[in-house]
Amino acid sequence: MKLEIFAADEWAPAVGARLVRFVSLRNGLRVCLATGSTPEPVYAEFTASGGSLEGTEVFLLDEFLLPVGDLGRCDEMLDRALLQRLPTPPDALYTFDVTAASLQEECERFEDVIADGGLDLAVVGLGGNGHIGMNEPGSRSDSRTRVVELDPSTQQNAARYGATARPTWGITLGMGTLLAAEEIWLLVSGRHKAEILERAVSGPIGPEVPASYLRQHGNTIVYADEPAAALLS
Ligand code: PGA
């Protein structure tokens, strides 16, 4: 696991610039993107500096089981933070159909689409409870895309994102699905993430802190700002 630490005001511009470069290097990239507060300033830098997702296929990391159009949904957040600010859309956008008759089949569909070409990059955030996507504490490292019951803290996050109801369930790419990506970027910002980042980076690897599994991946970069990295030795 590689660690890159930036001053708080340099973090988003630096990570945004790296994302611009990453997606410009190759056509046909397949990238999984997180939503939430953490990546928002990074996506703002990406679009402000002319980043393009033309030639890129985008996969949403996770989704709340909230009605279509709810502002707290991850597809809505990705749209607001990134997609609607781009001059041209990505080549493909894969989001979760939470209205599917069978959510189990919807998860299998997502797994199949990802398996057919893999992921070149997964951009993920770190939950205050150590989750990645909605892989809550207790998740196994070989878990696949599935419907999950949300931790109370994750349910509360939805309200912070503008949800009109409190979701108790979500769909997430599994830890095993993510660990199969070529490269993983863990974005972490803010002093309130310092304790959990320290546990993810230095504590035991296991289901209590699913983010710790990223240490078993050979090509993970942690992009942290100095406040988030405050407790790392
Ligand atoms: P946040 O959420 O970026 O809104 O803090 C991160 C996460 O829960 O993965």
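# Reading the surface, strands and loops of a chain

User: What area does the chain expose, and what share of it do carbon and sulfur atoms supply?

Analyst: The chain exposes about 9,900 Å², and 49% of that area comes from carbon and sulfur atoms. Keep in mind that this is a predicted model.

User: How many residues of the chain count as buried, as a percentage?

Analyst: A residue is called buried when its relative accessible area is under 20%. By that rule, 55% of the 233 residues of the chain are buried.

User: Why does the radius of gyration agree with a compact globule?

Analyst: The value is read against an expectation for the chain length. For 233 residues, a compact globule would have a radius of gyration near 17 Å, and the chain has 16 Å, so the two agree. As for extent, the C-alpha trace spans about 50 × 40 × 35 Å along its principal axes.

User: What share of the contacts joins residues 24 or more positions apart?

Analyst: Take the contacts with a separation of 6 or more in the chain: 79% of them are between residues 24 or more positions apart.

User: How many positive and negative side chains are there, and how far apart are the centres of the two sets?

Analyst: There are 18 positive and 33 negative side chains. The centres of the two sets lie 4 Å apart.

User: Let us turn to the fold. How many helices and strands does the chain have?

Analyst: The secondary structure consists of seven helices and 10 strands.

User: In which sense does strand S8 pair with S4 and with S7, parallel or antiparallel?

Analyst: To read a pairing, take its sense, its bridges and then a partner residue. Strand S8 (residues 169-172) pairs with strand S4 (residues 62-64) in the antiparallel sense over three bridges. Within that pairing, Gly170 of S8 is the bridge partner of Phe64. S8 also pairs in the antiparallel sense with strand S7 (residues 146-149), here over four bridges. In this case Val147 has Ile171 of S8 as its bridge partner.

User: And which strands pair with S9 in the parallel sense?

Analyst: S6 is one of them, pairing with S9 over five bridges in the parallel sense. Gly125 stands opposite Leu187 of S9. Strand S10 (residues 220-225) also makes a parallel pairing with S9, over five bridges. There, Val188 has Ala224 in S10 as its bridge partner.

User: Are the faces of S9 covered or open?

Analyst: For a strand, check each face separately. On one side Glu183, Trp185 and Leu187 are buried, and on the other Ile184, Leu186 and Val188 are buried, so both faces are covered. Counted along the strand, six of its six residues are buried.

User: Now the loop after S9. Is Ser189 buried or exposed?

Analyst: Ser189 sits in the loop between strand S9 (183-188) and helix H7 (194-202). Its relative accessible area is 15%, so Ser189 is buried. Setting aside residues up to four places away in sequence, Ser189 touches Trp11, Thr38, Asp225 and Ala228.

User: What is the state of Arg191?

Analyst: Arg191 lies in the loop between S9 and H7. With a relative accessible area of 42%, Arg191 is partly exposed. Beyond its neighbours within four places in sequence, Arg191 is in contact with Pro227, Ala228, Ala230 and Leu231. The C-alpha atoms of Arg191 and Ala229 are separated by 7.8 Å, although the two residues are 38 residues apart along the chain.

User: Why does Asp120 count as buried, and which residues does it touch?

Analyst: Asp120 is in the loop between helix H4 (103-115) and strand S6 (121-125). Asp120 counts as buried because its relative accessibility is 11%. Not counting residues up to four places away in sequence, Asp120 touches Phe22, Arg26, Gly28, Leu29, Arg30, Glu182 and Glu183.

User: For contrast, which state do Thr164 and Asp9 have?

Analyst: Thr164 is in the loop between helix H5 (152-160) and S8. At 70% relative accessibility, Thr164 counts as exposed. Its C-alpha is 7.2 Å from that of Gly72, and the two are 92 residues apart in sequence. Asp9 belongs to helix H1 (residues 8-25) and, at 63% relative accessibility, counts as exposed.

User: How far is Asp9 from Ala181 in space?

Analyst: Sequence separation and distance in space are read side by side. Asp9 and Ala181 are 172 residues apart in sequence, with 29 Å between their C-alpha atoms. For Ser189 and Arg18 the separation is 171 residues, and the C-alpha distance is 16 Å.

How values were computed: Residues are numbered from 1 along each chain as its sequence is written. This is a predicted model: local features need pLDDT of at least 70, side-chain atom pairs count only at pLDDT 80 or more; totals for chains, interfaces and linings use all residues. Side-chain values use heavy atoms; hydrogens and water are left out. Helices (H or I, at least four residues) and strands (E, at least two) are DSSP runs, numbered from the N terminus. The radius of gyration is taken over C-alpha atoms; the globule rule is 2.2 Å times the number of residues to the power 0.38. Buried means under 20% relative accessible area, exposed over 50%, partly exposed in between (1.4 Å probe, protein chains only). Contact means heavy atoms within 4.5 Å. Accessible areas come from the Shrake-Rupley method with a 1.4 Å probe; for residues, only the protein chains shown count as cover. Lys and Arg count as positive and Asp and Glu as negative; His and the chain ends are not counted. The place of a charge is taken as NZ of Lys, CZ of Arg, CG of Asp or CD of Glu. Two strands pair if DSSP finds at least two bridges between them.
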